[in-house]
2 protein chains.
Amino acid sequence: MTTSDTRPFCAAVDWGTTSFRLWLLGRDGTVLGERRSRDGMQSAAKPGFQAVLEQHLSAVKAADDLPVIVCGMAGSRQGWVEAPYVDAPASFDAIAGGAIRVPDMARDVRILPGVAQRPGMAGGALAGDGLPFGPDVIRGEETQVMGLGLSPGSLLCLPGTHSKWISIGDQRIEAFSSFMTGELFQLLSTQSILRHTLDAEADVMAESASFIGGVEAGHGAPALILNRLFSMRAEGLFGSRSPAKALARLSGMLLGLEISGAAAIYPQRSVFLAASGPLFDLYRTALAATGWTVTVADADEAVRKGLMAGALQCFNPA
Amino acid sequence: MTTSDTRPFCAAVDWGTTSFRLWLLGRDGTVLGERRSRDGMQSAAKPGFQAVLEQHLSAVKAADDLPVIVCGMAGSRQGWVEAPYVDAPASFDAIAGGAIRVPDMARDVRILPGVAQRPGMAGGALAGDGLPFGPDVIRGEETQVMGLGLSPGSLLCLPGTHSKWISIGDQRIEAFSSFMTGELFQLLSTQSILRHTLDAEADVMAESASFIGGVEAGHGAPALILNRLFSMRAEGLFGSRSPAKALARLSGMLLGLEISGAAAIYPQRSVFLAASGPLFDLYRTALAATGWTVTVADADEAVRKGLMAGALQCFNPA
C-alpha cells in the first residue's frame, strides 16, 4: 500500500511580512495542494491571522484537525503569536523544538522560531576564529536552511531587502550576517538627492558594464562609499552617465560593498545562492566579478522542505 | 581721513538652498549692515530672486547703484542665473573671474561660480600621486575657502548634508571630495527600519561613549557598514541599546566611515574644521578619536571675507 502518501499529513505555511504561501503536504512531502496570496503579516492583522489561515485551509479542503506548521514573520512580536528566537549556533532540532503552539485553537498550529545571534554569543564553533559577527536575527531563513540540505562548512547567501549570509554546520546554523543592501538601494534611488540623476525604473542587468563597474568600485574601496555616492550626483550634473547606467552603478556599488563585507567575515570564497528573479542574476554576476564560486540553491523548494522537516518533528516525534 | 570706510562699497550675499544672508560692506571689509532670512533658493524662486534681493537691500538702505556679489546655490542651474562651474584645480582668480553678471538689471549683480572636478581632470598637481578623487562639485564652499586664508598644503573639512574635504594650494583649490554622510544619516534615522530602534530627536553628543564606539566601528571596518547597520536593528529587538544611544552610534558610524574615506584620499592627518553648532562638536570628537589633529577655522567670517575678495576683483579691478 502506498496510497497513504496522498492523505494530507499537515499544512505548511510560509508567512512573511507581505506574502502568504500554503502547501498541503503528504507524509513523504508530496504536494497535495497549494495557495499563494498577498495576505502577509501586515494585511492579515486586521481580519485576524486565524481567520486568514482557516480561509486558505478551507480552500484546499483541509480537515478540521489537520495540523499546521508556520514559519516567518507571523512569529514575530508584531505578528500572530511570538515564537521567541532560539540562540545561534542553533541546531535544526533546537529550531523545531522552539516552535510555539498557537493557544486557544482546537487545531494544532505551530510557529517556528527565528534565530538570534546575541553579543558575546555569536559564532559558537567559529568564535575562536575571532570572526567579526555582529548582533543579528533571522526569521524564516532558518527554515530555508533546514530544507536545503547543505553540507557542513557551506556558506549560503539569501539576497533580499536585508540580505543574509549564513554559515552552515552539521545539521545546524553556526552564524550569520544580515546586510541592509536592498533597503539602502531603495532609499538612495527613491529618496536621496541621487533620485534626480538616475532612473529608478531602469533594468539594472541591461546595463551590465555599469553594474560591474559599480561592483568593482564598491568592492575595491569600501571606505570611499559615501564619496562615490556623491560622485554619482556630480556625474549627473555633468551629464556624463545616463540615468539607467547610474541606477546600475548604484546597485553594483552596494552589492560590491556587501560582498567585501561578507569576505571580511567568512573564510570561504564559494557560496550557495538562493534567490529568484532579477536579484539572482545581480548577485550571481556581482559574486563572479569579485572572484566567488557560485552554486545555485533552490529557494522555492527549500522553505517547503524545511517546513516539512519541522512538521515531522513537531507532529510525529520519534 | 578714514571716514571712507563707513561708505558702503558693495553688498555680499551668501545665498544657499534654504538660507539667505546679506552683508553691507565697506571697502576694507567693515560690516555696515546685515540681514539673515530663510529666503533661500527654494523659497525665493516664487517671488523672484531680484525682488527678494532688492527687498533686503532696501532694508539696509543700500543705494540703487550699489554693486552686489553673490555666492551659493543661487548660481546653480535651478537657481537665479547659472554661473557655470570653473574646473579644478581652480585659482581664486579664476573663481572670481568666472562670476556671471545678472542680465537685464541696472544694478551690477555678480554671481560667483562653483568648482567642478571632472573625470580625468581631478587633482592637478596631486594627480601624479594617483590619489582617488572622484567626479565632484562644490558651490559656495569655494568662497569660504577664498576667505579662510589657509596656507598651501592645508586640508579643510566643511561638515554638512554633503560634507566637503578640500585640499588647498597656493591661492587655489587643488581638489576636493564630498561625502553623503549627513543625507544618509537623515535617511537612515527617519526612513529606514532603524527608525524603530532609535530616537531621531536625541542629543548625540550627550551619548558620547556610544558616538565614539560608532566612530571606531565605522572607521575600523568600512566594508562591514551594511552589516553593522542591520546589527543596530537586532540590538533594538534585543533591547540591548537605548534609542538615544542607538542614534549616537549611527551618527558615529557614518562619521567614522567618512573619515576613513578621507584618510584614503588625503595624505594629511591634520585638518582645519569649519562648522558651527552640534556638527562642529561631532566632527571634532570623531576626528580626534581617529587620530587627526584638528584646527578650528571660522566658517562664519570665511564666507563674508571670500565674498569681499571676490567683490574687490569684480568691482575694483587693479
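**Strand pairing, core and chain contact in chain B**

In the predicted model, β12(B) and β13(B) form a hairpin in which 2 residues lie between the strands. Within this turn, B:Q171 has a positive phi of about 55 degrees. The two strands, β12(B) and β13(B), pair in the antiparallel sense over 7 bridges, and B:I168 stands opposite B:I173 of β13(B).

Strand β12(B) also pairs with β11 (residues 155–158) of chain B, again in the antiparallel sense, over 4 bridges. Here B:L155 is placed opposite B:S167 of β12(B). A hairpin with 4 residues links β11(B) to β12(B).

Strand β12 (residues 163–169) of chain B is mostly covered, 7 of its 7 residues being buried. In a regular strand, side chains alternate between the two faces of the sheet. For β12(B), both faces are covered. On one side B:S163, B:W165, B:S167 and B:G169 are buried, and on the other B:K164, B:I166 and B:I168 are buried.

The largest nonpolar core contains 208 residues, of which A:L156 and B:L156 touch the most other members. Leaving aside residues up to four places away in sequence, B:L156 touches B:I166 and B:I168. Other residues touched by B:L156 include B:V145, B:L148, B:L150, B:V271, B:F272, B:A274 and B:A297.

A further element of chain B is an open sheet of 6 strands with mixed pairing, in the order β3-β2-β1-β4-β8-β7. Strands β3 (31–37) and β7 (100–101) of chain B stand at the edges; each has a single partner strand, so one side of each is left without a neighbour in the sheet. Strand β2 (residues 20–26) of chain B pairs with β3(B) in the antiparallel sense over 6 bridges, and B:F20 has B:S37 of β3(B) as its bridge partner. Helix α10 (residues 299–315) of chain B lies across β1 (8–15), β2, β4 (68–71) and β8 (109–111) of chain B, and runs at about 125 degrees to β1(B).

The contact between the chains takes 39 residues from chain A and 39 residues from chain B. On the side of chain B that touches chain A, at least two residues each are supplied by β10 (136–138), β13 (172–179), α5 (181–190), α7 (225–238) and α8 (243–265) of chain B. The largest share of this side, 10 residues, comes from α7(B). By residue type, the side of chain B that touches chain A divides into 21 nonpolar, 12 polar and 6 charged residues.

Key:
Residues are numbered from 1 along each chain as its sequence is written. Chains are lettered from A and ligands numbered from 1 in the order in which they are written. This is a predicted model: local features need pLDDT of at least 70, side-chain atom pairs count only at pLDDT 80 or more; totals for chains, interfaces and linings use all residues. Two strands pair if DSSP finds at least two bridges between them. Two residues are in contact if their C-beta atoms, placed from the backbone, lie within 7 Å. Axes are lines fitted to C-alpha atoms, for helices over the stretch in contact, and angles run from 0 to 180 degrees between N-to-C directions. Ala, Val, Leu, Ile, Met, Phe, Trp, Tyr, Cys and Pro count as nonpolar, Asp, Glu, Lys and Arg as charged, and the others, Gly among them, as polar. A nonpolar core is a set of buried Ala, Val, Leu, Ile, Met, Phe, Trp, Tyr and Cys residues joined through C-beta atoms within 7 Å. A residue is buried if 20 or more other C-beta atoms lie within 10 Å of its own, exposed if 12 or fewer, and partly exposed in between; C-beta atoms are placed from the backbone.
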